[in-house]
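Colleague: Could you take me through this model, one feature at a time, and give the criteria as you use them?

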Amino acid sequence: MILRPFEYVECRTVGDAVAALERGGGDARIIAGGTALVPLMKHQVLRPSLLVSIANVPGLADIDAAGEGGVRVGSVATHWAVSHSALVREQSPLLARACQRVASPAVRSMGTLGGNLCYGESASDPSPALLALRATLRLHGPAGERTVPITEFFTGFYETALAEAEILTAVDVPATPAGAHWRYLKWTPRAQEDKALVGLAAMLVLDGRRCRLARLGLGGVAASPSVLARAEQALEGRELDDATIARAADVAAAEVEPIEDLQGSAEYRRDMLRVWVRRVVSGLAAEGSR
Amino acid sequence: MPIVELTVNERPVRVEVPVHWTLIQLLHDGLGLLGTKEGCGEGSCGACTVLVDGRLARSCLALAVRADGTRVLTIEGLAAGDTLDPIQDAFVRHGAIQCGFCTPGMVITTKALLAEHPRPTDHEIREFLSGNFCRCAGYSLILNAVRDAAGLQGTQPR
C-alpha cells in the first residue's frame with residue numbers, strides 16, 4: 001500500500017508547528033510516530049495535504065519529575081520510552097504498565113503517547129490509566145497554552161477537545177497515592193496484540209478492607225475512554241466485601257453506553273465490563289488486606 | 001525532492017526520496033534491498049520490521065524522510081559474508097521457515113529481543129514476537145529457534 005502525495009514540514013518549535021497548522025487550514029495534520037495516521041492515510045480515511053512533524057521538536061519527548069511525586073511526559077515520548085522510564089515505573093507504574101500493553105513492541109517504539117491520546121480511540125491503553133490517575137493535558141494553540149483535565153478531553157467517538165491548530169505538548173501525571181494498589185487489565189478476545197475489548201485501569205487506596213479512594217478508567221467499551229464515576233462512588237468509603245464489589249460492578253455496567261463492532265456486541269461488552277470490574281477490584285481488595 | 005542521508009547495514013547512503021515514500025519504499029525502490037517484506041502495509045503483521053537506531057520500526061509506516069541521519073539495520077545486514085548471524089543459523093537449523101515471508105521480520109525482531117533480554121523467558125519471547133504473524137503458523141519451530149539462538153538449554157533441533 002502506498003501513500004498519496006502530500007507536503008511535509010519538519011518543525012523545530014511548537015510555535016512553528018501551530019503556525020504551519022494554521023496555514024494548512026483544516027487540511028493539515030500533526031504527525032509524530034505515524035502509527036495511527038499513516039494507516040488512515042493509506043486507506044484514504046484521511047487525505048491531508050500537509051503533514052506537520054513535531055517528532056523532532058527539542059524537549060518534546062522529555063520525561064521529567066514534576067512536583068511532589070508527579071511526572072510530566074512530553075507528548076512525543078514513545079510508548080516504549082514511557083514504559084521503560086525508571087521515573088515513570090517508580091512514580092506512575094500504572095501508566096508504565098498500560099503503555100507496555102499497547103499493540104506490539106515495534107508499534108510501541110514508534111507510536112507516541114500524545115498521538116495515542118489525540119487519536120481519541122476508545123480502545124487506547126494509556127487513556128484509561130491516565131483517566132484513573134486524573135492527568136492533565138497541556139495544549140498549545142494560536143491563542144497560547146491551556147490545560148485540560150483528561151476527564152474532559154475525550155468528547156466522543158474519535159473526538160477530542162483539541163481545537164483548530166492546537167497541539168498536545170505534555171501530559172502531567174499527578175503523584176500516585178502512597179500505598180495505592182493498581183492494575184491495568186486488558187481483555188482481548190483473541191490475541192495479545194488485539195485492541196482492548198475492555199481496558200480497565202483501577203487504582204484503590206485501602207485501609208484494611210475499607211476503600212478510602214477508588215479510581216477506575218475505562219477504554220474499549222464505550223465510544224470514548226471514560227471514568228467509571230458511579231462505580232468509584234459505589235466503592236469509596238465502603239468495606240469491600242463481595243456484595244459491595246458485585247454491586248459496584250453492576251453500577252459500572254449500568255453507567256456505560258457500550259458500542260458494537262466486529263470485536264463484540266454491546267451486550268457482550270457490558271457483560272465483560274461487569275466481570276472484569278468485579279475480578280479486578282476483588283483482586284486489589286484481597287491484595288490490600290493481606 | 002528531499003535527499004536523505006542515512007546508514008543502511010553499516011553502509012552510508014544518500015538517496016533522493018519523494019516526501020510521501022515510506023521507509024520500505026526507500027529500501028526497495030531507492031536502494032534495491034528487497035529482503036524486507038511488506039505484508040499488511042498498515043503496521044499489524046510485522047513482516048516489514050527493521051531496526052532504526054537500534055529500535056524496532058515498521059518500515060511500512062515510517063516516512064522515508066524521517067530516516068535522515070538514522071542507522072537502519074535490515075535482514076541483509078545480519079550475515080557477515082557467508083557466515084550467518086546466530087539467529088539466522090538457528091532459524092535454518094530448526095526449519096523455522098515455511099514460506100519464508102515473515103522470516104526477515106521475525107529474525108530482526110528476535111535481534112531486538114535478545115538485545116533487551118539476552119536470556120528471555122518463553123513469555124518474553126511470545127510477547128516480543130506478538131506483532132509478527134506467521135500465516136503458515138510455524139510458531140512452535142520459531143519459538144524453538146529463538147530459544148536456541150538465545151543459548152537456552154534443551155533446544156537443539158531433533
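Colleague: Which residues of helix α1 of chain B are buried, and against which element do they pack?
Modeller: This is a predicted model, in which local features need pLDDT of at least 70 and side-chain atom pairs count only at pLDDT 80 or more, while totals for chains, interfaces and linings use all residues. Residues are numbered from 1 along each chain as its sequence is written, and chains are lettered from A and ligands numbered from 1 in the order in which they are written. In helix α1 of chain B, residues 23–30 (helices are DSSP runs of H or I with at least four residues, strands runs of E with at least two, numbered from the N terminus), the buried residues (20 or more other C-beta atoms within 10 Å of their own, against 12 or fewer for exposed and partly exposed in between, with C-beta atoms placed from the backbone) are B:Leu23, B:Ile24, B:Gln25, B:Leu26 and B:Leu27. The element against which these buried residues pack is β2 (11–16) of chain B.

Colleague: Which element gives the most to the side of chain B that touches chain A?
Modeller: Counting contacts as C-beta atoms, placed from the backbone, within 7 Å, 22 residues of chain B are in contact with 23 residues of chain A. Two or more residues of that side of chain B come from each of β4 (55–58) and α4 (122–128) of chain B. The element that gives the most, with four residues, is β4(B).

Colleague: With which strand does β3 of chain B pair, and which residue stands opposite B:Val52?
Modeller: Strand β3 of chain B, residues 49–52, pairs with β4(B) in the antiparallel sense over four bridges, where pairing requires that DSSP finds at least two bridges between the strands. The two strands form a hairpin with two residues between them, and B:Asp53 in the turn has a positive phi of about 50°. Opposite B:Val52, in β4(B), stands B:Arg55.

Colleague: Is A:Gln44 buried or exposed?
Modeller: A:Gln44 lies in the loop between α2 (37–42) and β3 (50–53) of chain A, and has a positive phi of about 60° although it is not a glycine. Most residues other than glycine have a negative phi. Because A:Gln44 has 9 C-beta neighbours inside 10 Å, it counts as exposed.

Colleague: Where is B:Ala137 found, and what is its phi?
Modeller: B:Ala137 is found in the loop between α4 and α5 (139–149) of chain B, and counts as exposed because it has 9 C-beta neighbours inside 10 Å. Although B:Ala137 is not a glycine, its phi is positive, at about 60°.
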